[in-house]
Amino acid sequence: SAIFHFSGMLSVLLLLICTCAFVRSVVPQLLDTHRTGWKGVFWKMARIGERLSPYVAAACIVQAFVVLMGN
């Protein structure tokens, strides 16, 4: 479904990064205990959202315009 289209995959990735960064800011012990393994992916996404927040925000704005314009 959304994973097979580049625009959909980018939207899912950006939403995952933003969600993980938000969850880590509200409940940090939820993600900090799982820094390795498959659960560590969420911790890494939160770190990307924290450290690259201006770029992630810009990518979200660009993606919003792409989605609103229809392609």
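Let me start in the middle of the fold: the buried residues of helix α3 pack against α1, α2 and α4. Those residues are G40, W43, M45, A46 and G49. By buried I mean under 20% relative accessible area, with exposed over 50% and partly exposed in between, using a 1.4 Å probe and protein chains only.

Before I go on, a word on what we are looking at. This is a predicted model, in which local features need pLDDT of at least 70 and side-chain atom pairs count only at pLDDT 80 or more, while totals for chains, interfaces and linings use all residues. Residues are numbered from 1 along each chain as its sequence is written, and side-chain values use heavy atoms, with hydrogens and water left out.

Now the overall picture. The protein chain has four helices and zero strands, so-called by DSSP: helices are H or I runs of at least four residues, strands are E runs of at least two, and both are numbered from the N terminus. Reading from the N terminus, the order is α-α-α-α. The C-alpha trace spans about 40 × 25 × 15 Å along its principal axes. Of the 71 residues, 21% count as buried. Among contacts with a separation of 6 or more, 49% come from residues 24 or more positions apart; contact here means heavy atoms within 4.5 Å.

Let's walk along α1, residues 6–26. Its 21 residues should span 30 Å at 1.5 Å a residue, and the end C-alpha atoms are indeed 30 Å apart. The expected span, by the way, is 1.5 Å times one less than the number of residues. Which residues of α1 are buried? They are G8, S11, L14, I17, C20, A21 and R24. The cover over them includes α2 (28–32), α3 (40–51) and α4. As a reminder, an α-helix has 3.6 residues a turn, so residues three or four places apart point the same way.

On to the helix pairs. Two packed helices are described by the angle between their axes and the distance between the axes. Axes here are lines fitted to C-alpha atoms, for helices over the stretch in contact, and angles run from 0 to 180 degrees between N-to-C directions.

First pair: the axes of α1 and α3 come within 7 Å and cross at roughly 90°. These two helices are therefore roughly perpendicular to each other; the classes are under 35 degrees for roughly parallel, over 145 for roughly antiparallel, 65 to 115 for roughly perpendicular, and oblique for the rest. On the α1 side, the contact uses L13, L16, I17, C20, A21 and R24, and on the α3 side F42, W43, M45, A46, R47, I48, G49 and E50. By class that gives ten nonpolar, one polar and three charged residues. Nonpolar covers Ala, Val, Leu, Ile, Met, Phe, Trp, Tyr, Cys and Pro; charged covers Asp, Glu, Lys and Arg; the others, Gly among them, are polar. As for length, α3 has twelve residues and reaches 16 Å from first to last C-alpha, close to the 16 Å expected.

Second pair: α1 and α4, where α4 is residues 53–69. Their axes come within 10 Å and cross at roughly 140°. That makes α1 oblique to α4. The crossing is left-handed, the term for a near helix turned anticlockwise from the far one by less than a right angle, with clockwise being right-handed. From α1 the contact takes S7, L10, S11, L14, I17 and C18, and from α4 it takes V56, A59, C60, Q63, V66 and V67. Here the tally is nine nonpolar, three polar and no charged residues.

Let me zoom in on one pair there. L10 lies in α1 and A59 in α4. They are 49 residues apart along the chain, with 9.3 Å between their C-alpha atoms. L10 is partly exposed, at 29% relative accessible area, and A59 is partly exposed too, at 30%.

How far does α4 reach? With 17 residues, α4 goes 24 Å from its first C-alpha to its last, close to the 24 Å expected. After α4 comes G70, with a positive phi near 95°.

One last stop: T33, in the loop between α2 and α3. T33 is exposed, with a relative accessible area of 56%. T33 sits ten residues from W43 in sequence and 8.9 Å from W43 in space, C-alpha to C-alpha. Thanks, everyone!
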